[in-house]
Amino acid sequence: MKISYNWLKQFIKTDWNSEETAALLTDLGLEVEMVEKYQSIKGGLEGIVVGHVLTCVPHPDADRLKLTTVDIGTGTPIQVVCGATNVDAGQNVPVATIGTVLYDKEGTAFTIKKGKIRGQESHGMICAEDELGLGESHDGIMILDAALVPGTKAAEVFKVENDEVFEIGLTPNRADAMSHLGTARDLRAGLLQSGINVELITPSVSNFRIDMRTLKIDTVIEDTQLAPRYCGVTISGITVKPSPQWLQDRLKAIGLNPKNNIVDVTNYVLHELGQPLHAFDAAKVNGKIIVKTLEAGTKFTTLDDVERTLHEEDLMICDEKGPLCIAGVFGGKNSGVSEHTNAIFLESAYFNPVSIRKTAKRHQLSSDASFRFERGIDPTITAYALKRAALLIQEVAGGEITSDVSDVYQKKIEDFAVFLNFCNVKKIIGQEIPKDTIKQILVSLDIKVNSVSETGLGLTIPSYRVDVQREIDVIEEILRVYGYNNISFSKKFNATVANSPRNEDYKLQNIIATQLNSQGFHEMMANSLTTASYVQLSDTLKEEHNVTMLNPLSNDLATMRQSLLFSGLEAISYNINRKNSDLKLFEFGKTYHKFLSGFEEHKHLSAFITGNRNQESWTNAQKPTDFFLLKGYVDAVLARFGIQKTQNSPVTSDVFSEGIAIGTGHNALVEFGLVKKSILKHFGIKQEVYYADFNWDILLKAAASKIKFTDIPKYPEVRRDLALLVDQSVNYDAIFALAKQTEKNLLKDINLFDVYEGNNLPEGKKSYALSFTIQDTSKTLTDAQIDKIMGKLQKVFETELGATLR
């Protein structure tokens, strides 16, 4: 939100500079993210002065140039070479002095320097209006008023607006501060707390009066729940034209482009008071104004020339022939103000915030009006803002008020009643604030003190403070105005140490995250909200299990995710598109599911690897990631959990083109493998992606709760290798299990270090090269013991697997 400091000073007279004011607003909770300088004319005409041309003669060496002497008020005339055909002696002209910075049409700056043109010195430049940013004409130099005194600054002549604009990062709860009036209210409270007593000056509407009653347009509200208050008035005899410069400058300062005087006034009042308004061409209103909903499927063309299909809950402003405007959101194409308009119906209303938000999101429309309506505006200033706008329209467009103000307000929106307990204030804030200070702060915030007792205050909260409805909200208001920096704290440090189990969720999560980080992984955090259609990429995921949002931010964020895969692929696609294709990512997150029995959440750990293993280097050839690399990372995670007794099984999810599942009993701890190309194609990913999905909840249950320690062996281990010729159907798991079963005590480890298939082998056979590590923790092994163990293993492989030594 942009706030003009000059505009703000119309509400509060202060001599504080912008830095001090920005700091105070930030302390009050209206965080000023940036302060920008604004000038109605770029450069502010700095260095431009009024000059009086004393002499003007042809340049001795150039037919199209003239040699002038100009009085610029310094006492010594200067010589300026000028190429304009209309320059002449006796004129007052704008002169850019040496060192002045001007801007061309593209906004590029250039500096006026002393120079020679065809042998004659030139000490400045006589300017045309386009060179000063005052217009588009370049037909000749500007001729100024003859009464102007030479040396007068051009900024004073053309009334350049110099302003400073606060960029405020407004939080969604502060609907009351979405205007210059709302910001001024907070600033006044802060200044009062700083000991500066200032008055809040609001625009007067005392001059509002009805000139004649010749154009009455009745209003009918069919649903007062959706439109609790609706005001309107007609203004006739107006002239639609560009707004005066002061009004354009106000809007430009906060980033708005002026349209015409009528639309500009409605925008001005919106940002001044926080009350959206809308002007209808009165000639295009047939009969009454009717505020109602229409049948679903009704077609309506909005101002942006888009035909929209209405929902049965969309509140519309209609006349007796049809819809004119989507209430509080967007105007209609055929009812707005044009250059031919000479009479308007001006609307000021309070609409139900929930209704407006749903309509705006439904049609993917966002306007300054809907932004305020959907957060809750002040229902008490509806008629006041209408009168304020009507008076401004009369000022800038002429015309007369030609009807009474219609104000349909059947059920008044009441203020909130809250009791504030002094003990709770001290308890929450941690410091006792004087009762008089509390009352002063509350009054400065327009919170009415109805009753005072030893224990607390009975308060009435103004209805525009929709975020202050509980005692804790009032305490927050007291604290932010009193100042967080004014709360003292003890230098004594108290700490407690909780006795928590070793395998608590957060502890194990930190352990695994640290391990993955050390292996080159980067942690990512994705949004739990995702696109509903992602489940269609997998038959395992069901659309009926989607948890959908009742009021989504957008269609892309309308559903809670059922899998961490798709958010991870979004991150991978984003990185690949930015030339970062070698990735190792992991994420801890939850999935959300809807079943007949209710809603469920499951925590998962996802891991992704794609691209090359290492960065390109002259010492290492690039090698792509593969299934076995991911399996190593998966095994390392399970080992860190202390999980040893596992079984492998086929994956149940169809997101993998190939993969395996590792589990204990009937529970799958992790599924991992190569992601299907059809899924990768949906995200524009052309390289292979390997994905592991750990069921974190089951991992926590399976984690070893006790750690067993053993002494480091004193006696050496022995390695023996075997090269076995086995059938193609025999896998390594079978050899591993058989070896462990045959020699349970002394066989410590088995490693498959080579697999060969090809020439010089019988058909249907493959070669496994295996190493066996043997160790006795009580004594040194002899050759006879080692040979006996290896002979036993060889015999079992031959008997059970049909293996032979190669």
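The dialogue below covers salt bridges, one sheet, and the empty spaces of a predicted model.

Student: What should I know about the model before I read its features?

Tutor: This is a predicted model, in which local features need pLDDT of at least 70 and side-chain atom pairs count only at pLDDT 80 or more, while totals for chains, interfaces and linings use all residues. Residues are numbered from 1 along each chain as its sequence is written, and side-chain values use heavy atoms, with hydrogens and water left out.

Student: How many salt bridges does the structure hold?

Tutor: A salt bridge is a side-chain nitrogen of Lys or Arg within 4 Å of a carboxyl oxygen of Asp or Glu, and the structure holds 35 of them. One of these joins the side chains of Asp304 and Arg308, at 2.6 Å from N to O, and another joins Arg470 and Asp473, at 3.1 Å.

Student: Are these partners buried or exposed?

Tutor: Buried means under 20% relative accessible area, exposed over 50%, and partly exposed in between (1.4 Å probe, protein chains only). Asp304 is partly exposed at 33%, whereas Arg308 counts as buried at 12%; in the other pair, Arg470 is exposed at 52% and Asp473 is buried at 9%.

Student: Which parts of the chain does the salt bridge between Glu587 and Arg561 tie together?

Tutor: The closest N and O atoms of Glu587 and Arg561 are 3.2 Å apart. Glu587 lies in strand 32 (residues 583-595) and Arg561 in the loop between strand 31 (559-560) and helix 15 (565-576), so the pair ties together parts that are 26 residues apart in sequence. Helices (H or I, at least four residues) and strands (E, at least two) are DSSP runs, numbered from the N terminus. Both Glu587 and Arg561 are buried.

Student: In what order do the strands of the open sheet of five strands run?

Tutor: Two strands pair if DSSP finds at least two bridges between them, and here the order is 5-4-3-6-11, with antiparallel pairing. The edge strands, each pairing on one side only, are strand 5 (78-82) and strand 11 (124-126). Strand 4 (residues 66-71) is joined to strand 5 by five bridges, and Leu67 has Val81 in strand 5 as its bridge partner.

Student: How is empty space found, and what is the volume of the largest pocket?

Tutor: Rolling a probe the size of a water molecule over the atoms shows where empty space is left. On a 1 Å grid over the protein atoms alone, a cavity is a set of points where a 1.4 Å probe fits but cannot get out, and a pocket is an open set with protein on both sides within 12 Å along at least five of seven lines; lining residues have an atom within 4 Å of a point. Grid points are joined across faces, edges and corners, and a volume is the space filled by probe spheres set on the points. The largest pocket has a volume of about 1,500 Å³, and of its 27 lining residues the closest to its centre are Lys631, Asp635, Asn648, Tyr732 and Asp733. Helix 16 gives the most to this lining, with seven residues.

Student: Which residues lie nearest the centre of the second largest cavity?

Tutor: The second largest cavity, with a volume of about 80 Å³, is lined by 14 residues, of which Thr530, Tyr534, Arg561, Gln562 and Phe566 lie nearest its centre. Strand 31 and helix 15 each supply at least two residues of this lining.
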